[in-house]
Amino acid sequence: MAKTVADLNLDDEHMTIGIEDTLQEGARRMLTISGGIVVVLSDENKVRGVLGHTQFLKAMAEAADVTSSKCAEWMEMDFLQVEHTDTLKHVLSEIKKRSPQAVVAVDEHGEFSGYFSPGDYHEASSLVSTMRSIGL
């Protein structure tokens, strides 16, 4: 049986924020997690972008006013969106092809449901490799 995105725990290593929230609030949320990203969501819970350390550093380097600059102005939009039913083998193949800045999972309605972290990537790689080695 093929393992899917739904088989992973995608609830860790991220925080969410709205597109109109400030960079200051994004930074506060980023500080509450060790590693990971801040996922920028629309009012409809759709992924619009992500903020990682690089985006925060770029905003600082360009002297952005973090109290008024919005997350939407600085977010990275190079993300891969995957669904719970996607097989891990397919997701790993897409990541290898595209090399996106982030991978996010969505439910059957296209609403954000989790972040596919580097740790999840390693877990998925291990699962796919194990299944391959036993002929599944």
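In what order do the elements of the protein chain run from the N terminus on? The legends below begin there.

**View 1. The whole chain, from one end to the other.** This is a predicted model. From the N terminus on, the elements follow the pattern β-α-β-β-α-α-β-α-β-β-α. That gives five helices and six strands in the protein chain. Along its principal axes, the C-alpha trace spans about 55 × 30 × 25 Å.

**View 2. The overall packing of the protein chain.** The radius of gyration is 16 Å, which agrees with the value near 14 Å for a compact globule, because the chain has 136 residues. Buried residues account for 41% of those 136 residues. About 7700 Å² is exposed by the protein chain, and carbon and sulfur atoms supply 51% of this area. Of the contacts between residues at least 6 apart in sequence, 56% join residues at least 24 apart.

**View 3. An open sheet of three strands.** Here the strand order is β4-β5-β6, and the pairing is mixed. At the edges lie β4 (79-83) and β6 (112-115), each pairing on one side only. On average, neighbouring strands of this sheet are turned by 35° against each other, direction ignored.

**View 4. Strands β5 and β6 side by side.** Strands of a sheet pair through backbone hydrogen bonds, either parallel or antiparallel. Strand β5 (residues 102-106) and β6 pair in the antiparallel sense, over three bridges. To find one pair of partners, look for V104, whose bridge partner in β6 is Y115.

**View 5. A helix on the sheet.** Helix α4 (residues 88-98) packs on the sheet and touches β4 and β5. The direction of helix α4 makes about 165° with that of β4.

Note on methods:
Residues numbered from 1 in each chain as written. Predicted model: local features only at pLDDT ≥ 70, side-chain atom pairs only at ≥ 80, totals over all residues. Heavy atoms only, no water. Pairing = 2+ DSSP bridges. Helix = DSSP H or I, 4+ residues; strand = E, 2+ residues; numbered from the N terminus. Axes fitted to C-alpha atoms, helices over the stretch in contact; angles between N-to-C directions. Contact = heavy atoms within 4.5 Å. Rg over C-alpha atoms; globule rule 2.2 N^0.38 Å. Buried < 20%, exposed > 50% of the residue type's maximum accessible area, 1.4 Å probe, protein only. Areas by Shrake-Rupley, 256 points an atom, 1.4 Å probe, with all protein chains shown as cover.
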